[in-house]
Amino acid sequence: MRLSVRIPLIVAALMMLVGAVLSERVMDRLTQTQDRHLRQLGETYIDGLSFPLIPALIRDDVWEVFDIIDRSRSLHVGLTPIATVVTDAAGNVVAASDPDAHPTRSRLDPDFRDSFPADEWAGPSHAESRAFLRRELRSQDRTVGTVYAVLDTTHSVRERQTVLLTLVATNGVITLLLAGGGYLAVRYMVSPVRILTHHLTLSALEGIDPVPDGVVRRSRGEARRLFRSFNRLVDEVREKRDLASRLAAEERMATVGRLASGLAHEINNPLGGLLTAVDTLKRHGADPAVRERSVDLVERGLLGIRDVVRTTVLTYKVDESHRPLTGCDVSDLAVLLAPELDRRSLRLVCDNELPGPVGVPASPVRQALLNLLLNACAASPAGSTVAVNVRREDGMVVARVDDSGPGMPDEAVDYLTRGDGKAMPPPSGRGLGLWVVRRLAKDFSASITVSSSPLGGSRVELAIPVAEEVKHADAA
Amino acid sequence: MLPHVSRTGHTRREVIGALGTGLAALACPTDLKAGTPLTVGLTPVFLNSDLALLDGLRTYLKESTGSDVQLVMRRTYQEVTALVLARQLDAAWICGFPYVRHREALHLLGVPLWRGRPLYRSYLIVRSDRTVADWHGTRGDIHAFSDPDSNSGYLATAALLAGSGMGIGEFFRSSFYTYGHRNVVRAVAAGLAQSGSVDGYVWEVLREIEPEMTIQTRVIRASDWQGFPPIVCAAGDAASPRADRIRSALLAMASGNAGRSVLDMLRIDGFVAEPPALYDSIAAEVDLVDARS
């Protein structure tokens, strides 16, 4: 249930509870007050009767007794005697307000007499709207008679009903007003929360969006501060996202730059020899031996450039991803790595045990191995050795890279081997190489282990499961 | 203007006594009483002491007699009768029964004319829903009398029973006095008494002015016509100028407007001089009842 409905309902329920308790108290007090008041009226009534009745009873004056009863009936405002009976000392009726019901000179009806209390007053019997009052009339220490009065309490009962109705109606109206007011107040109070909830829900679907300026301007106090904080948060999140995408773009540009630089270097290496050979041909082209040597040189130079271009194309060609890995791919690594090895004066020991095509995709594995080897080169000191070994083993292709460096930092080891596979950014200062390896390993369910290498540095082993169908083709 | 019967009931006695005054003055040396107000006693034979009626009566008497008039009201016939016998009142309106009892000591000043005659009757009434055929059916009742000194409210019924050889205590289970004819009607209407003895003149007037009360009662027996309650003075005062002035005022009442309006309130036609023999039938009842006791 919504907050703006629930709170008013709670308020209404509490109000009703309070109203019920208060009403009960009021009615209780009212009943007591009425009872007391009625009793006082009754006592006054009986007192008023007693003085003239006593001498009339002593004289046994039937008429006088009746006349007193009859006339006193209309004398008491707010009191309606239903029946008044006066008996003599022996309990015989002298006169009654209704002589038919209580004939003069007869015994008082025992049922009537028993409806009166032992003491003088019996409070109102609400069911019957009656109160009972009995008084012994005494003169000179002798009982001369008794007055029995039945009083009508309908008026009191009706008054109580009116009061109760008024209470219930008043409480009802107040409760309704409070509940309605509560609904509006809570609705107003929670409206900022609803707006924020709306924006946050949208943000999960369509991207985070600030609260519109108009809404912020219309709001006041805490809501306004809340909206402003939210909008600042939205701005920060957006800035971070923009920054991340800019960084990624820059990283791509850097990779492209490195690739272009490598390619230029690879092409430039034989270019000097080629130009020299062309120059030689121009000047001494007539000499067959020189021509042959120069052409041979030009051919080898062009072949070298072709190799570089081919491996580069193979490495970055997108539709090559499903081509199975072959020994050539491993040999290509040596070609790709040659400029880096030269620059750092390193030696590569390439131990290629792959028999033919195996059921793992060539392109990603080449990229992963290339990155691992580049890292190994970067870690190894000048003049040392970097080794790569690729072999088949129990339905897997296992590629192992050793370096002679100081060992991979724990941070990097942890990043490489952790199995949660989230596309987290690489550890600081590591570049994207490890990230590429990890992503590839995850894509092809490969496992990565890092250990110490016999060469003195780190050994990274990549175990890639071989796909089933290629295995069959291989077996056939 | 209608005579107003008071609903509270205790005053009716007074009006009656009012008219009697004058005679007592005769017995006294006139100088001794000259200048003192005329006193007239009233008893509840009549209707209630309506203030307008009393004022009208007092004003009329004052103008007619030329003296101040004091109306003296008492609760019972007995009290008023005693006062007039003791010559403490110049006149009194009493019942025929005490007049007969004290005929030697009292003197008639005037008798009201009701419906053209100086006569009235006693009624025996029951509640209108009772099915009794005649007075015999009231045996065993609780009976309401008006006054032990009233002819119509007591003696007539006592004489009726005595004529059949019965006393009140034997015939009725119980009885009580209400000291007012209107009260008798109230008592019977309310069921306090099952039957009652009431002045026929009062009952008839009540039937006009309080029909809602009399409709609850029914007359099951009317007595013979008897002398209307008279206005008397002490026999010793009969020749006094004071009594004479009152007598003149009474007898002249029907001839002037002021007097007529008082008579209208009383529902009577006027006052006439009647011989004591008018009350012989009551005297016969007294003898009958006395003979039984």
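These are my notebook entries on chain B, on its contact with chain A, and on one pair of helices in chain A.

**Entry 1, the model and chain B.** I noted before anything else that the model is predicted. I then looked up the secondary structure of chain B, which comes to 14 helices and 13 strands. Of the 293 residues in chain B, I found that 57% are buried. I also checked the contacts in chain B between residues with a separation of 6 or more, and 83% of these join residues that are 24 or more positions apart.

**Entry 2, where the chains touch.** How many residues does each chain bring to the contact? I found 10 residues from chain A and 12 residues from chain B. On the side of chain A that touches chain B, helix α2 (residues 62-72) of chain A gives the largest share, with 4 residues. When I sorted the residues of that side of chain A by kind, I had 5 nonpolar, 1 polar and 4 charged.

**Entry 3, a helix pair in chain A.** I turned to helix α8 (residues 327-344) of chain A and helix α9 (residues 362-379) of chain A, whose axes lie 10 Å apart at an angle of about 25 degrees. Because angles under 35 degrees count as roughly parallel, I wrote down α8(A) as roughly parallel to α9(A). The crossing of α8(A) past α9(A) is right-handed. I listed the residues that meet, including Leu333(A), Leu337(A) and Arg344(A) in α8(A), and Arg366(A), Leu370(A) and Cys377(A) among those in α9(A). The residues of this contact of α8(A) with α9(A) divide into 10 nonpolar and 5 charged, with no polar ones.

Note on methods. Residues are numbered from 1 along each chain as its sequence is written. Chains are lettered from A and ligands numbered from 1 in the order in which they are written. This is a predicted model: local features need pLDDT of at least 70, side-chain atom pairs count only at pLDDT 80 or more; totals for chains, interfaces and linings use all residues. Helices (H or I, at least four residues) and strands (E, at least two) are DSSP runs, numbered from the N terminus. A residue is buried if 20 or more other C-beta atoms lie within 10 Å of its own, exposed if 12 or fewer, and partly exposed in between; C-beta atoms are placed from the backbone. Two residues are in contact if their C-beta atoms, placed from the backbone, lie within 7 Å. Ala, Val, Leu, Ile, Met, Phe, Trp, Tyr, Cys and Pro count as nonpolar, Asp, Glu, Lys and Arg as charged, and the others, Gly among them, as polar. Axes are lines fitted to C-alpha atoms, for helices over the stretch in contact, and angles run from 0 to 180 degrees between N-to-C directions. Angles under 35 degrees count as roughly parallel, over 145 as roughly antiparallel, 65 to 115 as roughly perpendicular and the rest as oblique. A crossing is left-handed if the near helix is turned anticlockwise from the far one by less than a right angle, and right-handed if clockwise.
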